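Open the model in a viewer and keep a selection prompt ready. The stops below say what to select and what is there.

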Amino acid sequence: MDQYYLNLLFVGATFALYIGIAFWARAGTTSDFYAANRGVHPVTNGMATAADWMSAASFLSMAGLIAFTGYDNSAYLMGWTGGYVLLALLLAPYLRKFGKFTVPEFIGDRFYSKTARLIGVLCLIVASVTYVIGQMTGVGVAFSRFLEVSNTAGLLIGAAVVFFYAVLGGMKGVTYTQVAQYIVLILAYTIPAIFISLQLTGNVLPPLGLFSTYEASGQPLLATLNQILGELGFASYTGQQGSTLNLFLFTLTLMIGTAGLPHVIIRFFTVPKVSDARYSAGWALVFIALLYLTAPAVGAMARLNIINTVFPNGVEGQALEYEARPEWMKNWETTGLLAFTDKNGDGRMQLYNEKNQAFAEQAAERGWQGSELDINNDILVLANPEIAGLPGWVIALVAAGGLAAALSTAAGLLLAISGAVSHDLIKGAINPNISEKSELLAARIAMAVAIAVATYLGLNPPGFAAQTVALAFGIAAASIFPVLMMGIFSTRINNRGAVVGMLVGLLSTVIYIFLYKGWFFLPDTNSFADTPASWFLGISPAAFGAIGALLNFASAYAVSLATREPPAHIQELVESIRVPRGAGAATGH
């Protein structure tokens, strides 16, 4: 069967499955829509949480970032994984015991303030909208290649699919859809990795293959990769190149940002008991580990395969002629995500580090006048099976998996946004007497608006999928994580401290990001160049969330200590949250 029709078959079949599940599990009440009626089994919730967590950034972009940078981008793995442990141990069980539907509702009740609740809504929406931009970017990338449409058309198709099953099913429908999406995405990620690991190292397990012998050279795979990269002027794959301070802050930002992400936190509101929140977190870590242990191998092996494609006779030999380029390059050229520019007019595809001044003389001797192949990081995982020459059904499976990863997280984010708008903003502040039917309608309208905004911004994202998502983690780290931690573990933080802390953390981080990424992510509106030389103290915009969090903690404590302590019943509430027995039912207010 032709590859295009094979892609259509796999993608169409998975979409039909998702929509069918949404019909079967559609939400009929606000409890269904917000928390799946608190009836999800811990194992099921763990798998759904893993799908919710492993977004387009994890599936599409993370391996690409690791492949083209190496050790420095291992922060994505360390930060995201470590943050999930923080979430499981420090936040999820206590928030579940509090028995609310949304994160802003916890903030409002714990800090006995409608203002705090509204600021929580603002923080949640800013972080979630930024995050969902990355998912829509991934949807556009996958659709544009495998359905042979433009990036814009692909993004619009993906938005329509998410709109249908997320708006219809709410948390109940999305939960069971995410279980199906996890199965699709993990098969799509690991099967090609197993094939490629066998091809290059003879080892069936990619994580072990990464540290095995590369059969073509007879030396360790990573040593071979370092050697080849050095011969092309690139930095060592396994060495650290950037600032240690920035690497530390970036990892910390991803960790605490993970623990503060609302769309992951609300997944723990769906289980029957507090103990189930811990069990589902443990299962989620198991399911996440299957992909995260594989990602470094995917990145390294793909980088090696790309170089071998461009230099079929070794890096000392002639580069590949453009007219002899493989089919996968032709396919990705049509999307605009892979481009060749013949700078020296020799008809060959040179690929090297043109920014390395020490390599400039050697490049000139070979007649090279600049690196001529531009590859978007986000295509690496999707292109991997084609680069390795794997069967067509594997390519189609990867297409379905990439879309499953992006759609599953997009749906979770949209649920968090719609819940914040309908439950916290409309019912909590504007119209407390709204009927359940009207609240459900408001939630669906809010979700539709959020999809429209995310789609528009997805057309002009501020970076690769994983880079855009990293900005969302910074915002969550600076605004949401500190207030949740202080709300659970400190009886002294009062309403004024919480409000000031959230505003200081949010504004400092968002302003820093906008200064380098452009105001409201609009192109060409940045005040400073987004380069390490321009960053304040060498701290990247994606790493500033940790600084924002420190400012949040410090300002919240300073204001709280200077003002009246919380009422006695609030202090008793905080103490009772940490008692590991029982769980309050959702009060719906």
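## Tyrosines in one helix

Select Tyr512 to begin: its relative accessibility is 8%, so the residue counts as buried. The model is a predicted one. Add Tyr516, which is also in the buried class at 6% relative accessibility. Both tyrosines belong to helix H21, residues 495-517, and being four residues apart they are separated by about one helical turn. As background, an α-helix has 3.6 residues a turn, so residues three or four places apart point the same way.

## Aromatic pairs

Stay with rings for this stop. The structure holds 18 aromatic pairs. Select Phe98 and Phe106: the ring centres are 4.9 Å apart and the planes stand at 85°, so this pair is edge-to-face. The cut-off behind that label is an angle over 60 degrees. Phe98 is buried at 12% relative accessible area, and Phe106 is buried at 1%. Now return to Tyr512 and Tyr516, which make a tilted aromatic pair with 5.0 Å from centre to centre and 55° between the planes.

Next, select Tyr76, Trp80, Phe250, Tyr292 and Phe473 together; these residues form one aromatic cluster. Keep Tyr292 in mind, since this residue is among the buried ones of H13.

## Down the axis of H13

Select residues 274-292, which make up helix H13. What span should its 19 residues have at 1.5 Å a residue? The expected value is 27 Å, and the end C-alpha atoms are 27 Å apart, so the two agree. Colour the buried residues of H13: Val274, Asp276, Ala277, Ser280, Ala281, Ala284, Phe287, Ile288, Leu291 and Tyr292. Turn the view to look down the axis of H13; the buried residues fall within an arc of 140°, so they line one face of the helix.

One more selection in residues 274-292 is Arg278, whose charged end sits over the ring of Tyr94 at 5.9 Å from the ring centre.

## Arg325 and its partners

Select Arg325 with Tyr322. The charged end of Arg325 sits over the Tyr322 ring, 3.9 Å from the centre of that ring. Add Glu333: the side chains of Arg325 and Glu333 meet in a salt bridge, with 2.7 Å from N to O. Is Arg325 buried or exposed? Arg325 is buried, its relative accessible area being 15%.

## Other salt bridges

Side chains of opposite charge can pair when their charged atoms come close. The structure holds six salt bridges. Another of them joins Arg348 to Glu321, where the closest N and O atoms are 3.3 Å apart. This pair links distant parts of the chain, 27 residues apart: Arg348 is in the loop between strand E3 (338-340) and helix H16 (357-365), and Glu321 is in the loop between helix H14 (295-310) and helix H15 (327-333). Glu321 counts as partly exposed, at 41% relative accessibility.

Go back to H21 and select Lys517 with Asp530. They form a salt bridge whose closest N and O atoms are 2.8 Å apart. Here too the pair links distant parts of the chain: Lys517 is in helix H21 and Asp530 is in the loop between H21 and helix H22 (545-562), 13 residues apart. Asp530 is partly exposed at 30% relative accessibility.

## Two positive phi values

Most residues other than glycine have a negative phi. Which phi does Leu537 have? The value is near 55°, positive in a residue other than glycine. Leu537 lies in the loop between H21 and H22 and is exposed, with a relative accessible area of 60%. Then select Tyr112, whose phi is near 40°, also positive. Tyr112 lies in the loop between helix H6 (103-110) and helix H7 (114-146), and at 28% relative accessibility this residue is partly exposed.

## Two contact sets

Select Asn246 in helix H11, residues 244-259. Asn246 counts as buried, at 13% relative accessibility. Residues up to four places away in sequence aside, Asn246 touches Trp535, Gly538, Ile539, Ser540 and Ala543.

End at Leu459, in the loop between helix H19 (436-458) and helix H20 (465-489). Leu459 is partly exposed at 34% relative accessibility. Apart from neighbours within four places in sequence, Leu459 is in contact with Thr152 and Leu155. For a last distance, pick the C-alpha atoms of Leu459 and Asn384: they are separated by 24 Å, with the two positions 75 residues apart along the chain.

Conventions
Residues are numbered from 1 along each chain as its sequence is written. This is a predicted model: local features need pLDDT of at least 70, side-chain atom pairs count only at pLDDT 80 or more; totals for chains, interfaces and linings use all residues. Side-chain values use heavy atoms; hydrogens and water are left out. Rings of Phe, Tyr and Trp (its six-membered ring) pair if their centres lie within 6.5 Å; planes under 30 degrees apart count as stacked, over 60 as edge-to-face and the rest as tilted. Buried means under 20% relative accessible area, exposed over 50%, partly exposed in between (1.4 Å probe, protein chains only). Helices (H or I, at least four residues) and strands (E, at least two) are DSSP runs, numbered from the N terminus. A charge sits over a ring if NZ of Lys or CZ of Arg is within 6 Å of the ring centre and within 35 degrees of the ring normal. Contact means heavy atoms within 4.5 Å. A salt bridge is a side-chain nitrogen of Lys or Arg within 4 Å of a carboxyl oxygen of Asp or Glu. The expected span of a helix is 1.5 Å times one less than its number of residues. The arc is that of the directions from the helix axis to the C-beta atoms.
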